[in-house]
Amino acid sequence: MRAFAAFAAGAALFVIGPAATAADLASRAPAAAPPIFTTSGLYVAGSAGFGWNPSFGQTPDSVQGPSTGTLVPPNSFHLSTDAGFSGVASVGWAFGNGLRIEAEYGHRTNKVDSFVTTYGFPVTHDIRSGSITSDSAMVNLLYDIGATMGWPVHLTVGGGIGYARLNYNNVAVRARDGTTGYQTVRLDDDSSGFAWQGIVGLSYPIPSIPGLSLTADYRYFGTTSRGVRGSIVQGAITAAGVVGATVATGTSRARSDYSNHSVMVGLRYSFGQGRQL
């Protein structure tokens, strides 16, 4: 009887043991990885921040106006600006593989910080004014690294080409020759042409709001050299700064380069439900 009981217990262990082991392994198996979704389809985006223009030179070409006297044009101009507002708004299409294409409107404005004119003799500058504004329409091609890999933060790289309109709004400087004479150079003109930009940034898809991402990026924006028109007024001035009679006037034409560095933060919302990878 005892032999039979021992045999029965061994048989039970032989049958139940593997099943228990399998159940235990199943309970310890790692959970399946969650699916990776990447946004696709139509999206809208907007960003705002600040930008600055590096110092840039201009080559002047002055022509005397109808006033009497001899105009002494400057040999060169040199401009720099304060940090100012930069903003962009775009609508685009995401292809579901990290690649995006978009149409963008951008606006940048900066006040003049320094405007220097050089002559063949020493001068001092005592009045500076004005601002430089850029409005642009661009087509950008962008790629979000990590969008198809389940990364919590994506690295964006890309660039764009398009068209920009520059506005030199009352950009002026007065140069004084000792205490006897002065010359005011003023640039007040619009100029349009080809533009380009390079973009690098980060985007963070917000888990609690599918389709919405927080973005941050740096952009380098530049245009081709273009002509800017303005005026020159030359006259007498007293030691106390009292402006006397105008002795000569002229028009000023300059070839100017323009570039802008900007740092912006914003939001992007995709209307697509995303594609499971």
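This passage describes the pairing of β-strands in a predicted model.

Strand β9, which covers residues 181–205, is joined to strand β10, covering residues 212–237, by 18 bridges. The two strands run antiparallel. Within this pair, glycine 201 lies opposite aspartate 217, a residue of β10. Six residues separate the strands in the hairpin of β9 and β10, and glycine 211 of this hairpin adopts a positive phi near 95°.

On β10, pairing is also found with strand β11, which comprises residues 243–270. The β10 and β11 strands associate in the antiparallel sense, with 23 bridges between them. Serine 231 has threonine 251 in β11 as its bridge partner. The hairpin formed by β10 and β11 has five residues between the strands. In this hairpin, a positive phi near 90° is taken by glycine 241.

Strand β11 is in turn paired with a strand from an earlier part of the numbering, β2, which spans residues 40–52. Ten bridges connect β2 and β11, and their orientation is antiparallel. Tryptophan 52 has histidine 261 in β11 as its bridge partner.

Strand β2 also pairs with strand β5, which is made up of residues 84–95. Twelve bridges are present between β2 and β5, again in the antiparallel sense. For glycine 41, the bridge partner in β5 is alanine 94.

Taken in order, the pairings link β9 to β10, β10 to β11, β11 to β2 and β2 to β5.

How values were computed: Residues numbered from 1 in each chain as written. Predicted model: local features only at pLDDT ≥ 70, side-chain atom pairs only at ≥ 80, totals over all residues. Heavy atoms only, no water. Pairing = 2+ DSSP bridges. Helix = DSSP H or I, 4+ residues; strand = E, 2+ residues; numbered from the N terminus.
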